[in-house]
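User: Please take a close look at one part of this model, the small sheet, and then set it beside the helix packing, the chain contact and the surface close to the DNA strand.

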Protein chains: 2
Amino acid sequence: MAFMAKAAAAVYSPKENRLLAALPEEGYEALVPFLEPLAMPLGLSVYESGGAQGYVYFPTTAIVSLLYVLADGASAEIAVTGNEGLVGISLFMGGETTPSRAVVQSAGHGFRLKAAVVKQHFDSGGALQHLLLRFTQALITQMTQTAVCNRHHSVDQQLCRWLLLTLDRLQGNDLVMTQELIANMLGVRREGVTEAAGKLQADGLISYSRGHITVLDRPRLEERVCECYAVVKREYDRLLPEVVNH
Amino acid sequence: MAFMAKAAAAVYSPKENRLLAALPEEGYEALVPFLEPLAMPLGLSVYESGGAQGYVYFPTTAIVSLLYVLADGASAEIAVTGNEGLVGISLFMGGETTPSRAVVQSAGHGFRLKAAVVKQHFDSGGALQHLLLRFTQALITQMTQTAVCNRHHSVDQQLCRWLLLTLDRLQGNDLVMTQELIANMLGVRREGVTEAAGKLQADGLISYSRGHITVLDRPRLEERVCECYAVVKREYDRLLPEVVNH
DNA sequence: ATCTCTCCGTTCGGTAGCGCACACGAGAGT
DNA sequence: ACTCTCGTGTGCGCTACCGAACGGAGAGAT
């Protein structure tokens, strides 16, 4: 099973990132010379808690998790970003760093942009600024919904939410992900994920095998998920540009 | 006990809001004609989920909770804002609305600014824009920390966090707040708050009586709170201007 | 083929928080 | 003084999730 290795030789365009694709032509052309293509392997730490961030990252096929790790080692995912957005908002928001980590959750590719370039173009105020701010608001919605979901919903529901959010940012239905890692992101025990995933598998919604999940029946996942998923999706659709190319 | 009624006759200055106070003189003067003073009584809904927001609010003595209410009526506080910030970031972020509510949690005063005025000054890009964006990032930190805290920490710890966050935005040590309302904000049962507050009272950290809480021993509250409080406070101190006037 | 490591399934006792029900007393209103 | 309501204390069974431990099976290495 060659899940994604074969794609490595393909040619990637920055326009596979929806934010970059949505820029007006002149804004896009101004950035292109500075966009550095980048392989983003599973587990790559895009930035660390409190560390200086030299780049803003625009995933194209990769998916990045924003994780918070507590002093005792417990962790929780705050939000997830794929080709609809970017990683490193604190650079243009003015704070330079944040107290969280960003880790590649699904291997793929992306582009990055030096901090100084982003700040310069952001501060000149055009379409880029508006796009980035709208994305930031969408991200805020995802974060708040995560907070609420953590408080009120069961592991079963949260697993569905997590699967759907990931699926939306993935091409295909196969994800490379162990239950252990999902547990880290949801901030629950691995056994809890085993149990929840076991139910989904028993009911034929997913198939599971040693670090590979295949979603078999997305509509029924959407039946089981809590309202949080739909709220986030609606806000992303409302705030961010539709896919136009390819 | 006249908790705050007598202050109603006092004269308030916009500079009691730290964001407004931090504006350079010319930026401040440009806004002053548009600032509308406003009484903010307990329970006032500053904006509703998904509703059009006509104003941005700058609390001076009031405290506002950002609440999310689920379809089944369950709720959770996402963040809290006092005179260090403003309410209504979606207006300048570009989304116009958000899927959450903002409710006055502690009565007081503030100023508001028409949406069009904020947007105009924000888009011209000066000190106001930078201030608002830095505040937004601080707010994001609070939201993410709330998400993590919801996941991993006990009601006891969360109550301490909530008390301290509120205390930081309050003049004095008395807050007008029932256990029922605290439960709504923490997203837990009222009985859970009763129990947690009972321990704090038994240990002499707070004194409690029918809708009035007095904090007696703040240092010991800080000993009991989880790390989340300190993380948020540190980010607010780092990102936002210090108090300069009065 | 065997070894080893990673990943997944399962069990079991312990506990925090839930939902519900009820009791009590302080204030406010009349 | 009387009631009525609101805010608070308490008890009880229940469930979801935790912490720890162990067993087993797939996949790659030698």
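Analyst: In this predicted model, strand β8 of chain A is joined to strand β10 of chain A, residues 212-215, by 3 bridges, and the two run antiparallel. Within this pair, A:Val176 stands opposite A:His212, which belongs to β10(A). The pair is part of an open sheet of 3 strands in chain A, whose order is β8-β10-β9 and whose pairing is antiparallel. The edges are taken by β8(A), residues 174-176, and β9(A), residues 206-209; each has a single partner strand, so one side of each is left without a neighbour in the sheet. From one strand to the next, the twist averages 15°. In general, the strands of a sheet pair through backbone hydrogen bonds, either parallel or antiparallel.

The helix packing is described here for chain B. Helix α7(B), residues 179-186, packs against helix α8(B), residues 190-202, at an angle of about 110°, and their axes are 8 Å apart. Because of that angle, α7(B) is roughly perpendicular to α8(B). On the α7(B) side, the residues that meet the other helix are B:Gln179, B:Glu180, B:Ile182, B:Ala183 and B:Leu186, while α8(B) contributes B:Arg190, B:Gly192, B:Val193, B:Thr194 and B:Ala197. By class, this contact has 5 nonpolar, 3 polar and 2 charged residues.

B:Gly192 also appears at DNA strand C. This strand is surrounded by 17 residues, and the closest are B:Gly192, B:Ser154, B:Arg189, A:Thr178 and A:Gln179. Elements that give two or more residues to the surface near DNA strand C are α7 (179-186) and α8 (190-202) of chain A, together with α8 of chain B. Of the elements, α8(A) gives the most, with 4 residues. The class count for the surface near DNA strand C is 4 nonpolar, 7 polar and 6 charged residues.

The contact between the two protein chains remains. Chain A and chain B each bring 35 residues to this contact. On the side of chain A that touches chain B, at least two residues each come from β5 (75-81), α3 (90-93), α5 (127-152) and α10 (227-239) of chain A. The most is given by α5(A), with 15 residues. By class, the side of chain A that touches chain B has 15 nonpolar, 15 polar and 5 charged residues.

Notes: Residues are numbered from 1 along each chain as its sequence is written. Chains are lettered from A and ligands numbered from 1 in the order in which they are written. This is a predicted model: local features need pLDDT of at least 70, side-chain atom pairs count only at pLDDT 80 or more; totals for chains, interfaces and linings use all residues. Two strands pair if DSSP finds at least two bridges between them. Axes are lines fitted to C-alpha atoms, for helices over the stretch in contact, and angles run from 0 to 180 degrees between N-to-C directions. Two residues are in contact if their C-beta atoms, placed from the backbone, lie within 7 Å. Ala, Val, Leu, Ile, Met, Phe, Trp, Tyr, Cys and Pro count as nonpolar, Asp, Glu, Lys and Arg as charged, and the others, Gly among them, as polar. Angles under 35 degrees count as roughly parallel, over 145 as roughly antiparallel, 65 to 115 as roughly perpendicular and the rest as oblique. A residue is near a molecule or strand if its C-beta atom, placed from the backbone, lies within 6 Å of it.
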